[in-house]
Amino acid sequence: MKVLVTGGAGYIGTHTLVELLGQGHEALVVDSFANSSSKALDRVRELTNGHFELAECDIRDTARLTEAVARYRPDAVIHFAGLKSVGESAKNAVDYYDVNVAGTVALLRAMEASGCGRIIFSSSATVYGEPRYLPFDEDHPLSPNNVYGQTKATAERLLTDWASQGEGRTAVLLRYFNPVGAHASGRMGEDPRGVPENLMPFLAQVAAGRREALRIWGDDYPTPDGTGIRDYIHVTDLARAHVAALDKAATAAGTLVYNLGTGRGVSVKEMLAAFERAVGRKLPAEVHPRRPGDIAESRASCDKANRELGWRAELGLDDMVRSLWAWQSANPWGYEAPPR
Ligand code: NAD
Ligand code: WQD
């Protein structure tokens, strides 16, 4: 299939590209490099020898995007491009709606102009908000408690309405739980700009000597060890799910929604201990008050993805922490050279 991959230079996009090209698909990457480096795509080339095209373009630039899509004529789109920081979204709501919602509108217009009716969308478990029951299944009500999550829920609504209004339209909404880890080669991984907001990239930078200590956001949650529980999923498992979703979209119509996690909850302290085993030493960590907006526990039911996509996460906690450390220790400054 010819696949347009927006945000293909990012963390999940690069891992998905490797899987797509490995399965014989072709790709056009559209990325503005707002939160990534072209060096990440060099690593994709190195790992795949695969051929893909690149259009450096902001998805909100309707004219350029429409031209790129019309020229490429994709069979399907995987839409990763977006802004993803919960903290930043609390200060820049307009930017978050502009990129995550208006950017999706621009993309749908460009798809319509070229007759492409299939889209796989990067949504997030954060759309569920505070759990009414666990594990979260896809029917759990949506009640995001941050601006980022609102933009994802709004884009989901938009895609659902779009898919219901024309022949041959399919939207697959993938709700990722907590993606972590890196490519098995150690050549690709997460490379956040600025201070990482998420647990694993922060912890990896502590181990690499770039940050002093992990701040554990609260140890007074109603969980066995008091720290927050999440459903971490290896980025390679997540990437594989996109290939399965593409196959599904080729034969389905309307909107399909899938949780992507492992179904297993891991606490911050358990994750710290697992990562320390991978690194081979203790890492400095200190307990701080809870981070506003955090929930005690998040865990996915992935039965639907298993049943309908034939997909299930195969990699475990050890694979997540080992691959992360292989990437971070070989590339302590990510894709960039160390500062002088
Ligand atoms: P990322 O920031 O590494 O990748 C996003 C890519 O989109 C980057 O390459 C960035 O340059 C590009 N981009 C941003 N704005 C753009 C614009 N206006 N035009 C064109 N390109 C633009 O993030 P990621 O972790 O790979 O996440 C990919 C998607 O998955 C995002 O939509 C994110 O919201 C969603 N998601 C991520 C997580 C996570 O924890 N990483 C969890 C749930 C959902
Ligand atoms: C995980 C656990 C923290 C950092 C967010 C988004 C979600 C998705 C993934 C984008 C929590 C604790 C964290 C730290 C800590 N992203 N923690 N110290 O908040 O579950 O999910 O990122 O789409 O949509 O909401 O992920 O990695 O920030 O936190 O103790 O420095 O680690 O309190 O329990 P979160 P996270």
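Phe-33 is buried, with a relative accessible area of 14%. The cut-off for buried is under 20%, so Phe-33 falls on the buried side. Phe-33 sits in the loop that runs between strand 2 (26-31) and helix 2. Its backbone deserves a look too: phi of Phe-33 is near 60°, a positive value in a residue other than glycine. Most residues other than glycine have a negative phi, and most peptide bonds are trans.

Keep in mind that this is a predicted model. The mean pLDDT of the protein is 97. As for coverage, 100% of the residues reach 70 or more. For the complex, the predictor gives an ipTM of 0.99 and a pTM of 0.98.

**More backbone exceptions**

Arg-73 also has a positive phi, about 50°, although it is not a glycine. Arg-73 is found in the loop between helix 3 (62-72) and strand 4 (76-79). Is Arg-73 buried or exposed? Arg-73 is exposed, with a relative accessible area of 52%. The cut-off for exposed is over 50%, so Arg-73 passes it.

A peptide bond comes next. The bond from Leu-134 to Pro-135 is cis, with omega near -5°. Pro-135 belongs to the loop between strand 5 and helix 6.

**Ligand 1**

Ligand 1 has 27 residues around it. Asp-31, Asn-35, Ser-36, Phe-80 and Tyr-148 come nearest. By class, the shell holds 13 nonpolar, 9 polar and 5 charged residues. Helix 1 (11-22), strand 5 (118-124) and helix 6 (147-163) each supply at least two residues of this shell. Which of the elements gives the most to the shell around ligand 1? Strand 5 does, with 3 residues.

Polar atoms of the protein also meet oxygen atoms of ligand 1. An N or O atom in the side chain of Asp-31 is 2.6 Å from an oxygen atom of the ligand. Gly-10 and Ile-12 take part through their backbones instead: the distance is 3.2 Å for Gly-10 and 2.8 Å for Ile-12. Taken alone, ligand 1 exposes 820 Å². The protein buries 95% of that.

**Ligand 2**

Ligand 2 has 19 residues around it. The nearest are Ser-124, Tyr-148, Arg-215, Arg-230 and Asp-294. Tyr-148 is thus named among the nearest residues for ligand 1 and for ligand 2. Strand 8 (residues 214-217) provides the largest share of the shell around ligand 2, with 4 residues. By class, this shell has 8 nonpolar, 5 polar and 6 charged residues.

What does an oxygen atom of ligand 2 find 2.4 Å away? An N or O atom in the side chain of Tyr-148. The side chain of Asn-198 has an N or O atom 2.8 Å from an oxygen atom of ligand 2. Leu-199 uses a polar backbone atom, also at 2.8 Å. Taken alone, ligand 2 exposes 680 Å², and the protein buries 89% of that.

Here are the polar contacts of both ligands together.

| Ligand oxygen | Protein partner | Distance |
|---|---|---|
| Ligand 1 | Asp-31 side chain | 2.6 Å |
| Ligand 1 | Ile-12 backbone | 2.8 Å |
| Ligand 1 | Gly-10 backbone | 3.2 Å |
| Ligand 2 | Tyr-148 side chain | 2.4 Å |
| Ligand 2 | Asn-198 side chain | 2.8 Å |
| Ligand 2 | Leu-199 backbone | 2.8 Å |

**Three buried residues**

His-15 lies in helix 1. His-15 is buried, with a relative accessible area of 1%. A polar atom of its side chain lies 2.7 Å from the backbone oxygen of Tyr-11. Leaving aside neighbours within four places in sequence, His-15 is in contact with Ala-182, His-183, Met-188, Gly-189, Val-235, Thr-236 and Ala-239.

Ala-40 lies in helix 2 (residues 38-48). At 1% relative accessibility, Ala-40 counts as buried. Not counting residues up to four places away in sequence, Ala-40 touches Ala-9, Thr-14 and Tyr-335. How far is the C-alpha atom of Ala-40 from that of Arg-240, 200 residues apart along the chain? The two are separated by 19 Å.

Arg-169 lies in the loop between helix 6 and strand 6 (170-176). Why does Arg-169 count as buried? Its relative accessibility is 18%, and the cut-off is under 20%. The Arg-169 side chain reaches the backbone oxygen of Trp-162 at 3.0 Å. Trp-162 is also one of the residues that Arg-169 touches beyond four places in sequence. Others include Glu-112, Gly-117 and Ala-253.

How values were computed:
Residues are numbered from 1 along each chain as its sequence is written. Chains are lettered from A and ligands numbered from 1 in the order in which they are written. This is a predicted model: local features need pLDDT of at least 70, side-chain atom pairs count only at pLDDT 80 or more; totals for chains, interfaces and linings use all residues. Side-chain values use heavy atoms; hydrogens and water are left out. A residue is near a molecule or strand if one of its heavy atoms lies within 4 Å of it. A polar contact is a pair of N or O atoms within 3.5 Å; within protein, one must be able to donate a hydrogen and the other to accept it, and residues adjacent in sequence count only if both atoms are side-chain atoms. Accessible areas come from the Shrake-Rupley method with a 1.4 Å probe; for residues, only the protein chains shown count as cover. Ala, Val, Leu, Ile, Met, Phe, Trp, Tyr, Cys and Pro count as nonpolar, Asp, Glu, Lys and Arg as charged, and the others, Gly among them, as polar. Buried means under 20% relative accessible area, exposed over 50%, partly exposed in between (1.4 Å probe, protein chains only). Contact means heavy atoms within 4.5 Å. pLDDT is the predictor's confidence in each residue, from 0 to 100.
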